[in-house]
Amino acid sequence: MQKALLIDPEKCTSCLQCELACSHQHTGMFNPVQSRIRVFEFEHGARAIPYTCTQCEAAWCLHACPVQAITVNAATGAKQVDADRCVGCKVCTVACPYGTINYEAHTGKVAKCDLCGGEPQCAVACPTGAITVSDPDTATHAINPLLLGRGATA
Amino acid sequence: MRHLIIGTGPAGVIAAETLRGHDSEAEILLLGDEPETPYSRMALPYLLANNVGETGTYLRPDPKHFQARRIQVQRGRAASVDSQAHTVTLEQGEQLDYDRLLIATGSHTVKPPIPGMDLDGIENCWTLADARAIAQRAQPGQQVVLMGAGFIGCIVLEALVARGVALTVVEREPRMVPRMMDQNGGELLKRWCESKGVRVHTGTQVDAIKADPERLSLTLGDGGMLEADLVVCATGVRPNIAFLEGSGIETDVGILVDEHLRTSAPDVYAAGDVAQGPVFNGGQREVHAIQPTAGDHGQVAALNMAGVDTVYGGSLAINVLNTLGLISSSFGQWQGVPGGDSASALNGEEFKYLRLEFDGDFLVGAIGLGLTQQVGILRGLIQTRVNLGQWKKELLRDPHQIVHAYLECNTSAEAAA
Amino acid sequence: MGWQRKILRVDLSAGTAVAEPLNMEWANAYLGERGLASKYLWENMDPAADAMGPDNVLIFATGPLTGTMSSTSGRYAVVTKGPLTNAIACSNSGGKFGAELKYAGYDLLLIHGRAPTPVYLHIVDDRVEIRSAQALWGQTVWDTEGWLKSHHQDTRLKVASIGVAGERGVYYACVVNDLHRAAGRSGVGAVMGSKNLKAIAVRGNLGVQVDQPERFMAAVRDTHKMLAESAGRKELTECGTDAMIDSMQAFGGLPTRNFQEVQFEGADKLNPEAMTEVRPNGHRNLLTNKACFGCTIACGRIAHIDKTHFTIVNRPQYWHASGGLEYETAFAFGPVVGVDDIDALTFAGYLMNEHGMDPISFGVTLAAAMELYELGVITDADTDGVALNFGNAEALTVMAEKTGKYEGFGQILGLGSKRMCERYGRPELSMSVKGQEFAGYDSRALQGMGLGYATSNRGACHLRHDAFAEDMEDQSGAGKAKPIKVSQDKTAMIDSTGLCLFTSAAWDVPEFQRQIDAACEGDWPESRLWEIGERIWNLERRFNLAAGLTAADDTLPPRMLEDPAPSGTAEGKVCQLDRMLPEYYELRGWTRDGLPSHETLQRLGLEESKA
């Protein structure tokens, strides 16, 4: 089944529980710099936007990877990085037009949202319902998928 | 339907896979001139740095990948194309026929025309074979001279330092990576490399190389002399188009292709480093020898070959580089456009630099140093032509608000929709 | 784990910054944050030293749960000798700075000495620089944070800084982090200014680990759920602390016009309904609520001011949103100075954050000045021509700005109410204990609050105990010593975890215990946490005694002890401190002179502490 995160910035209080949960899930530490979801604050905190990969169909990162280190999880539809295979060339980080796959200097690899294998911990941790899990076929993303003019069939 | 693809780099491989995805019946032949399983040149520096083994460079790790998709991989080097007869003749004389042909032959290195370039101890770093040769020669403590601090040179640079050699870099242009960095960025990179113990000569070139009994002796344009146990040449690459002479397929720097990745010959397409195609901002066709363009080309060309009429939106020059831990990236028209505004933030002490170039309220180019998070949004902003509106003023004041600008411009666009 | 096991010691006189191992013996005995920093302060300075001199030590401290997934895990404390009180000062703050300091690898940051010229600290993990702050000296907190982020090209840099008030030694200058969260009380910002330290900019990449992750995450899940389901939490989320306005008004404990009255006729213009009311021109004060780091409550208010309001009509630099009214700011700019203009209050709040001042001490000092003015003790000649009448909203905002910029009569207000009232020969008009101004609760209506104010180690404070329920149930002075003593120990413990006191809306000691026990090595039964709380309280007391304070300082202004409350549920009552205090001393195991007995010190393992 295809899953995606549904994000409603209106409900975000920028508590960063999502970043804590994500980093703990993926590294065993509480370390927001290693979170694959990031909350951005605006105007003294009047607005906040949690932001992560939408698992877009275009899969720019996957197509840009020279060594097939990014694959689609058949169960969730998440595009996920195989850290053993990633050489750290970072091409995906400039290819992804959403900026949601990032290089981590301490591992020498890239990291992105993998939907935690189907139970995204950011959504579990979010106290306000700003992050929920949804079926992308019916959901509208807060950040619209961008059309880059590739593969636009005539 | 018989598809012939010349070249087993990313463009060729992605094209083959895309073809199979759209046509389960077609015959797909992938022709390569290197003995190895299709591999990525992008990964070679990591092989040199001992971060990965040779299998780690393979484009597709599964040994049965091509077989499972009934993509036939054949070793051979194309000698000529007869587009009228729909045939390709290999150097060994064999003739292959096709219904649709994709030329994805990539590029080859160019050595500067100076005396001594054919001496023993001078290596390119382009193929897996080159990498093996360098790995064998570049031992800890040895003097190594790297000719060329362009994109490829800088990637190799990291690997050479990781091998523990004493490295000197010579770049003819006045700064490092001149095609992706401006003066500020190039200077920061140079200072960074020097702080890591690499000697960097910019604005001069190697004029001649002589063989001493023990070592190579290099004469520089500025009169300086360098000694080396190994010289790695990374002075540039050119598209592999020589075999097309007389084929009638129109070429310039590379093979000229249209927005369907079609060449001037019927049923012949070109993709990747060899193709000179449409660019995003609608200017003259260019060769963008970068991984994302190769992937896009391969996919779009294959769709058209399979009969799915697909228009390519044009490639954007985007690059990312890791130079001894300093990450740099560049996007689009970072040199700026006439009449456009520019914003930059430079902190030389911390090796941080961000330059944004605008055309009206649109971002058209960017350079980043020391920037690793959300860098892709620079591509997104440029290529989707996001109107920055009120945010532009803020960006002129502090370019690092770019991610905030991106997020608000995109969410408010949805709100308006 | 829980702790990073490392502290950073900065000597601004010598220009050095050296990391050293955390003293784990102390961490095990004092937990973290407030307690652990108090221990380090005790061991690192002479309590009698000048609070504004180079021998004072300024400590920024995180707790073992700071930066973890516990709710409200963003807390840090600033501990030093406070210039307002000449007693131990411990001001804690939320926002995101504290967690970042922990992520940089430090449990505590100790700052000694005084820089010869203005500096700021730039900390990125192990890389620590003492950098010139010449470009920042004289700048506001907001401009300082902006400059640092821009200069270091890092929008995620976390900054704690002082404004001009801190630079110039306003006695209640605070340390502001993340634009509008503050280590607010006792003048810790003035200490920072006295050290020529403008700001601390920190970025941490190292993360925090806990001892038993699975047990910890189970505790987190359960305690999050408890908070989510609690009515107290819900009210904090929806109304912020400002909901207290209505209950204090109804109860008759809302200090009005410098505590001359206990109910304010304009209370309903400052309550949560007023904050959310949509005005005829469409303006609404409250925009949203906002959380500190890790907080699942989000009591913080984000407000904006009507652009046509007199305070900002020609000042577009204030047309943005920022931190809005909380109960204490509403009290301190509202009833106690007699002002009911919510936009003026909100603007005064902006100014406190922008210039780095404690709103409670400022408001209560201004209230004293207003009383002095109405009594004719001071006149327009003293006040730069501003009519300091109760209720004058313009006087509130003008004086807030003058004090923040250290201009004119603002310099006098910057002394705090005690020094100011002494200067004008009317010390009894200062509504303070040990020099620190009262919070927004009248101790004639809330008797235990009176005892809490009188015995708080940092001077008058509503957050050093938690006996509201008992106080509202029973307005006699009987039996107050125990709930005050017990809740003082408990809050001392909670303040040492790295979590926020407001979690006690749903949690009690067992909930803290579960999280500490899973996060930290060793066994952490509840009894150990209680003992730590009591140990901290007694250590603070010893610091104050060594600093020269005595039992005579455990008192309240005559207005609380002699003037009966004029209305409300406590009409006709005074605060019965004389009845409560001896009982309290006894319960604490202190002598009649308020000295911890030998047995008490021995029981708490304090007898071998530095004398």
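Two residues are in contact if their C-beta atoms, placed from the backbone, lie within 7 Å. The exercises below concern a predicted model.

**Exercise 1.** Determine how many residues chain B and chain A each bring to their contact, and which elements of chain B take part.

*Solution.*
Step 1. Chain B supplies 49 residues to this contact, and chain A supplies 39 residues.
Step 2. On chain B, the elements that give two or more residues to the side touching chain A are α7 (291-305), β21 (310-311), β22 (318-323), β23 (326-332), α8 (376-383) and α10 (402-416).
Step 3. The most is given by α10(B), with eight residues.
Step 4. By character, this side of chain B consists of 21 nonpolar, 22 polar and six charged residues.

**Exercise 2.** Describe the contact of chain B with chain C in the manner of the previous exercise.

*Solution.*
Step 1. Here seven residues come from chain B and five residues from chain C.
Step 2. Two or more residues on the chain B side are given by each of β24 (342-347) and β25 (352-359) of chain B.
Step 3. The chain B side that touches chain C has two nonpolar, two polar and three charged residues.

**Exercise 3.** Establish why chain C is as compact as a globular protein of its length.

*Solution.*
Step 1. Chain C contains 24 helices and 17 strands.
Step 2. Its radius of gyration is 22 Å, close to the 25 Å that the globule rule gives for 611 residues, so chain C is as compact as a globular protein of that length.
Step 3. Along the principal axes, the C-alpha atoms of chain C fill a box of roughly 60 × 55 × 50 Å.
Step 4. Of the 611 residues in chain C, 64% are buried.

Note on methods
Residues numbered from 1 in each chain as written. Chains lettered and ligands numbered in written order. Predicted model: local features only at pLDDT ≥ 70, side-chain atom pairs only at ≥ 80, totals over all residues. Helix = DSSP H or I, 4+ residues; strand = E, 2+ residues; numbered from the N terminus. Nonpolar A, V, L, I, M, F, W, Y, C, P; charged D, E, K, R; others polar. Rg over C-alpha atoms; globule rule 2.2 N^0.38 Å. Buried ≥ 20, exposed ≤ 12 C-beta atoms within 10 Å, placed from the backbone.
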